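Visitor: I'm new to this one. Could you take me in for a close look at a single part, the pairing of charged side chains?

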Amino acid sequence: DGGLSQSEMERYGASFVRFKDPDGPEMHKDELPNLLAFLGFPNPDPQICRELADECADYQTLERADFLEFMERWISHERERYREIFASYDDDGSGFLDT
């Protein structure tokens, strides 16, 4: 987990512009589940979005830099969630799923 790649920053930055307030430089935290769904993340949990976003900014809105920090946290959260799901099916702890 070395942060976002240049292409991720560009992709997420473009998505931020799409979901931000058209009259300002920030987006409301309530838009995060919609933005994540737009990016292809399945069923983003609004409560987890809020918790992670609150770690990035104290206000109800996120600036671009706060949003990119949120995305790093979200991706880390998703990776851990998928590791836990995988581990629940890896009966022998080998790192492989038996068929």
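Guide: Let's start in helix α3, which covers residues 46–56: Asp54 and Arg50 sit 4 residues apart there, so about one helical turn separates them. This is a predicted model, by the way. The two side chains meet in a salt bridge, with N to O at 3.9 Å. That just makes the cut, because the rule asks for a nitrogen within 4 Å of a carboxyl oxygen. As for how open the pair is, Asp54 is partly exposed at 37% relative accessible area, and Arg50 is partly exposed too, at 22%.

Now hop over to helix α4, residues 64–89, where Glu69 and Arg73 are also 4 residues apart, about one turn of the helix. Their side chains form a salt bridge at 2.9 Å, N to O. Both partners are partly exposed: Glu69 comes in at 28% relative accessibility, and Arg73 has a relative accessible area of 31%.

Stay in helix α4 for another pair, Arg81 and Glu78, this time 3 residues apart, again about one turn. The closest N and O atoms of their salt bridge are 3.1 Å apart. Here the partners part ways on exposure: Arg81 is partly exposed at 30%, whereas Glu78, at 5%, counts as buried, since buried means under 20%.

Some of these contacts link up as well. Lys29, Asp30, Arg50 and Asp54 are joined into one network by salt bridges that share partners, and that brings us back to the Asp54 and Arg50 pair in helix α3. Altogether, the count comes to 7 salt bridges.

Methods. Residues numbered from 1 in each chain as written. Predicted model: local features only at pLDDT ≥ 70, side-chain atom pairs only at ≥ 80, totals over all residues. Heavy atoms only, no water. Helix = DSSP H or I, 4+ residues; strand = E, 2+ residues; numbered from the N terminus. Buried < 20%, exposed > 50% of the residue type's maximum accessible area, 1.4 Å probe, protein only.
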